[in-house]
Structures are given as C-alpha cells and as structure tokens.
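Me: I should like to learn how to read the features of a structural model, one at a time. Could we begin once the model is displayed?

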Amino acid sequence: MKYRPTSFLANAVLVLSLLLLVIVGLFYSGAGSKQSSAASLHLTQVDWQVDEARGFAAPLPTLDSTFLPNTWQRAALPLAPPIALLRQASAKTNTTLTTWLRLSVPALPDSSGPLALYAARIKTDGTIAVYVNGRLVHRAQEQGPLWNGTRTPLWLVLDRHAGSAPVSEILIRLEHTQGTRVAVSSLWLGPVDTLKVRYHLRQWLQKELPAILSMAFLTVGIFALFVWFRRRHETSYLLFFNLAVTSFLRSLHFYMGVPIANDWFAWLTVNSLLWLVVVVHFFLRQLHGRQLIWFTRALVGVAGMVGLLTLPMLAVLPNTPKVTPLIYPIAALMGASVAWVGGVNAWRRSNEGMLVAIGVGICTLLGVSDWLLQNNFVSPEGWYFGEYTNAITFGIFSSLMYRRYVNAIEEVEQLNASLAERLRLREAELDESHQRLREIEQRQLLSDERQRLMQDMHDGLGSTLISAIRSVEQGRMRDIEVSQLLKDCMDDLKLAIDSMEPVEADLLLLLATLRFRLEPRMESANVALIWDVKELPALDWLDPSSALNILRIVQESVANTLRHTRATVIRVATAAEGAGVQVMIEDNGQGFDVAATLWRGSGRGLQNQQRRAQAIEGRVNWVSGETGTRFTLWLPLQRGNLAST
C-alpha cells in the first residue's frame, strides 16, 4: 500500500480527537464525582412494588405513599428486573401495570442554592411521575421502548423557598404495559452546581454528540448523492448515500421525537437496521469483487420478510415494539455473517474490504451490548454504545471515499503531468523543427540574395563595363566619356548596396538613401535640388529586389536630366494617389519628344525604366515641353492589383 502523508494526518487527527474526548469525559466525570460526594446524596436503596391498573391515567397532583398498598419490597439501585422476552412479545398491550418506587432521603448538608434530582436512566413504555414530599414535581409521557426516553437522563430542578420543608421522601410512579419490565438507575440529590456536570456529560455523550455525528454522516451522504448524479457509473457514491440514510433512520430514536405512531416508528427503526446490514454487504461486494449470489439473496430475503411481517397494516405481528427484542438477534446474526463472509472474501484481495468487515464486526458487538442493556441483562447505569455505530460507519466509509477522492486526484495529477511532459516534448520537437526551417529559410534567402546580386551586377554593372572596355580598346570614347561611364558604374554599384539596407516598407526612407547618393553630383553640376516629399502609406511588398528597381528608375530619371536637359533645378515630390503612391521628378530644362524617342528606339534608358516599372507592377509616365519635363512613377499599395488612374 502506498504511504500517503494526508492519510496519516487524517488518522492522527482522528486519534487525537478521540483522546481529547476521553480526557474531557474523565475530567468531567472526576470533577462531578468529587463534588457530588462532597455535597450530594447518592440514593442507592429503594422500596418498590407493582400494582395492576386500568390503562394509563394522569397522575394526581398530590399523593401520600401511606395510602398505597403496603406490599413494599426492599431493593438496591440500580433496579433492573429480568425480562422474559417470549412472554413480553405475547403480552397484551391493553393490560397495564404501575411500578412504585419510594426513596427515603436523609438530611442534606446545608446549601442555599436550588436542589436537583438526577438519574442516569429510567426506562418504561408509559408515563413517569415524580413526587417530592407528596407533591407532583415532574411528569414525562413516554411513547414506547424505542423512543428517546431511555437515552435521556432524568434531570429535575426542585424549587426551594424560605420556610420550605427539607426533602424527606421521593416517590416515583412508572406506568407500563404487561410484560414490559422497568429499569431505574441510582439517583443523586444535591445542589444543581454539583450535579449538572454529570447530567450534561451524559446528555452530551448519549444524545447530542451522536446526533451531531449522525447529521454529519447524512450531510456527507447527500453530497455523495449529488456526486452520483454526475457520475452514474460510480455506484459507490449511491451506496454511501444509502448508508447515510439508513444509519440516520436507525439512530433516529436516540435523540429525536417524531410525531408518528409507535408501531410505525418501531417498524422504521428496526427494519432500517436490517437495510443497513444489506447495504454494507453490497458495499463489501464492490470492494472484494465477489458476487456471492446466494448469500446476497438470503440477506435480502430475510430483510424483506422481516419488513413485510412487521408491517403494522398487515397485523401479522401486531405489536412491533414488543417483538423488537426478538428481531435484534436476527440483525446481530446478519451483521456477524456479513462481517465474517466479507472478511473472508476480502482477505488478501482488498484492504478496504477488510477494514469494512472489521467495522461491521465492531458495530455488531456494540449493538449486542445495547440489546443487553435494553433488556435488563446489564445495569441501567451503563452506556448505549450503539449510538456510536454511526461514527464508526461514518469514519470507515468516509475514509474509503476520501482515499478514492485522493486516488482520483493523483490520477488526474499524473495524467496532467504526462500531458505536460508530452506537450513539452512536442514543443521541443516543434522548436527544433522551426529552428531547422529558419536555418533552411535563411540559407535559401542568402542564396536568393546572392543570385539576385550576381544577376544585377551581370545585367547592369557587368554589361556596362564590358561595353566600356570594348569602346576604349577601339578608341571610340574620349576620356571624359570614360570617366562618366565609370561614375555611372560606381552609382549602379552603390544602388545595389543601398537596396540591401532595411527600409521596413518605407518608400521615403529609400528615397532619402538615393538623395544622399545624388546630392554630391548635383552640386558639382550646379543643379539645385528641391525635396518636396510627403508622408506615404507603407508598401508591404518592398523587398531588396523591388527597392533596387525603384532606385534605378529614379536614378535613371535624374541622370537623364543631368545629361540632356541643361536644367538648373530638379524637384522631387511624392503623393498618395488612388490605390498607390506617386514619385514625381520635375526639371526646368529643355524638353524632348517623348513619343519620338520611344518610337525610334534611341531612348534605351526610358525603355529600361518601363521594363523595371512593369517588373514591380508599377507605371512610368513622361510629360515634356519647352519649360521642362515631369517624370511620374506610380507604385501600387498591394502587389497583384494595378489600380487605374
């Protein structure tokens, strides 16, 4: 079994709580006994007699014990006459008896406070009346042996006033049906402050604490029912709810009075004990995995038969409260059988099943102890330990549900950890793959850029240099022409380098780079430059190849102006137009015939500008006259859509 710190902590808390409960009980009982012996009277001798009566009757407000028949018998308290179970079951319920108990009270120590009369238990199925000095001071109406009177200690606070006579005699009248024997514990008489500890301790341990445990069990059971609504395949939650309900019904008479007929109440509480044993058996079957069909059928059959025979409406057993003592041995036999069979089948198969089987055995022993106490086989001053079977059942099955809950959490955590590990590995694979793709893409980009530069240098700079070399060799170029040609080659090389600079889709930044290159030549030619550019939208398609085409187009236009027009002013302007942008270059030089130049083929520079513009899906246009020439380059905002102007 896997060690879990949480389980150890829960068990430690449970053990400490039980030890604290025992310590508190010993403290209170010790304190109460010291105070009681010092200032109270412990009444352990009684005179008693039994008279026949004609049904239950209201007690008289005053009664002198000397008027009762003089058939008193001396006895010691606690008093628990033996019960003949078979005779009790067959006795007629309409025959009643009255048991009288007379206690002589010696002189009490001087005390100014109120007095209290305390008894651990008085058992009867009729009325209880208490007389002090011949005056009625208490009357309790009992409704049967299965109700809460036997679990509730007697506590009477006696009124005392100036001039009142000291307590000299206590007379107790107990009415009961024929066949039912009463039971009375010893009594204590003394100041309230010295006896209340005894009363409150027994009241707490015998009624209030079991009530709290039972309600807690029922609350958790209702919670388990709602869990089962969401997880129908896990029947253990439904069984846990059934355990909580049957345990609550079984112990209902310990601490609660319900306004229903005694026969029906007896039927409910007795049969709920049998149902509880059956539900525990089903839970054990689920733990050890054995079906035990015939044993299960026998348990269900016995529980069903007892429930059917004891139904008040069928009147097969017309007096359920009277036959209850005979039914409890059947329940004890069923509980012992379930514990034994469950333990044998859970041996080496299920530790949880063994725990439940041991718990069933302990609860059965506690139930037998209660049966002996209820039927006067042991002293009425004893304790009903069966009230704590709810605590044992609650503790065992709550620990089982807790372990399943913890196991479920651990499974979820393991699954989450597995998923996280798989996700981490997958992310690592994706990162590695992405890194490889980036490296491949980078290599491809470098290769493409190298190829582009080689092509540009071959088509531009290379062809120009070859032409220049041939012309020089043939002697057809003057020195000044050779110098100009070399300058053009140098400008073309610089443009190729500038096109590789990152411009982030900004056309103005690209034009500013060209301006930096052209200004020195324009100053040497005494040509003024007017830079009238404006903010333009970004061109997302502006890559190095496209940038080189734009630079060469603009450079060609400026170079043509410097060579042929004799202009003194060049104006460069930009503007947004339609679905694109425009770059305009204007000069004040002499114009030329654009159409004739293009038609004769002498304007190879103009044709190159057109070809480069088409490569980037743009357009070029010239307007020339006597006052100068205006060159326009239109570029689209989005490639693939040439907007019409």
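Me: How many residues make up the hairpin between strand 16 and strand 17?

Reply: The model is a predicted one. In it, a hairpin of 2 residues leads from strand 16 into strand 17. The two strands, residues 619–625 and residues 628–636, run antiparallel and are held together by 7 bridges. Within this pairing, Val623 faces Arg630 of strand 17.

Me: Which salt bridge links the loop before strand 16 to the segment after strand 17?

Reply: Side chains of opposite charge can pair when their charged atoms come close. Here the side chains of Glu617 and Arg639 meet in a salt bridge, at 4.0 Å from N to O. Glu617 belongs to the loop between helix 15 (604–615) and strand 16, while Arg639 lies in the segment after strand 17, 22 residues apart. Glu617 is classed as partly exposed because its relative accessible area is 25%. Arg639 is likewise partly exposed, with a value of 32%.

Me: How many salt bridges does a search of the whole structure find?

Reply: The search finds 13 salt bridges. One of them joins Asp47 to Arg102, with 3.5 Å from N to O. This pair connects distant parts of the chain, since Asp47 is in strand 2 (residues 45–53) and Arg102 is in strand 4 (residues 96–104), 55 residues apart. Asp47 and Arg102 are both buried. Through shared partners, Asp47, Arg74 and Arg102 form one network of salt bridges.

Me: Where do Asp193 and Lys196 lie, and how far apart are they in sequence?

Reply: Both residues are in helix 3, 3 residues apart, which is about one turn of the helix. They form a salt bridge whose closest N and O atoms are 3.8 Å apart. Asp193 counts as exposed because its relative accessible area is 53%, whereas Lys196, at 34%, is partly exposed.

Me: Let us turn to the interior. Which residues touch the most other members of the largest nonpolar core?

Reply: That core has 39 residues, and those touching the most other members are Phe240, Leu243, Val280, Phe283, Val338, Val356 and Phe397. Two or more residues each come from helix 3 (192–230), helix 4 (235–250), helix 6 (262–288), helix 7, helix 8, helix 9 (351–374) and helix 10 (389–474). Helix 6 gives the most, with 11 residues.

Me: What is Val338 in contact with, leaving aside its neighbours within four places in sequence?

Reply: The contacts of Val338 include Val277, Val280, His281 and Leu284, together with Phe295, Leu299, Gly343 and Val360. Apart from this core lies another, of 32 residues, among them Leu514, Leu539, Val558 and Ile570.

Me: Which residues make the nonpolar surface patch of about 420 Å²?

Reply: Trp264, Leu308, Met313 and Leu314 make this patch. Met313 is found in the loop between helix 7 (293–309) and helix 8 (320–346). With a relative accessible area of 61%, Met313 is therefore exposed.

Me: Finally, what do the totals for the protein say?

Reply: The protein contains 15 helices and 17 strands. Of its 645 residues, 45% are buried. Among contacts with a separation of 6 or more, 77% are between residues 24 or more positions apart. The accessible surface comes to about 34,600 Å², and carbon and sulfur atoms account for 60% of it.

Note on methods: Residues are numbered from 1 along each chain as its sequence is written. This is a predicted model: local features need pLDDT of at least 70, side-chain atom pairs count only at pLDDT 80 or more; totals for chains, interfaces and linings use all residues. Side-chain values use heavy atoms; hydrogens and water are left out. Patches are made of residues with over 30% relative accessible area and no salt bridge: like charges are joined within 9 Å, nonpolar side chains (Val, Leu, Ile, Met, Phe, Trp, Tyr) within 5 Å. Accessible areas come from the Shrake-Rupley method with a 1.4 Å probe; for residues, only the protein chains shown count as cover. Helices (H or I, at least four residues) and strands (E, at least two) are DSSP runs, numbered from the N terminus. Buried means under 20% relative accessible area, exposed over 50%, partly exposed in between (1.4 Å probe, protein chains only). A nonpolar core is a set of buried Ala, Val, Leu, Ile, Met, Phe, Trp, Tyr and Cys residues joined through side-chain atoms within 4.5 Å. Contact means heavy atoms within 4.5 Å. Two strands pair if DSSP finds at least two bridges between them.
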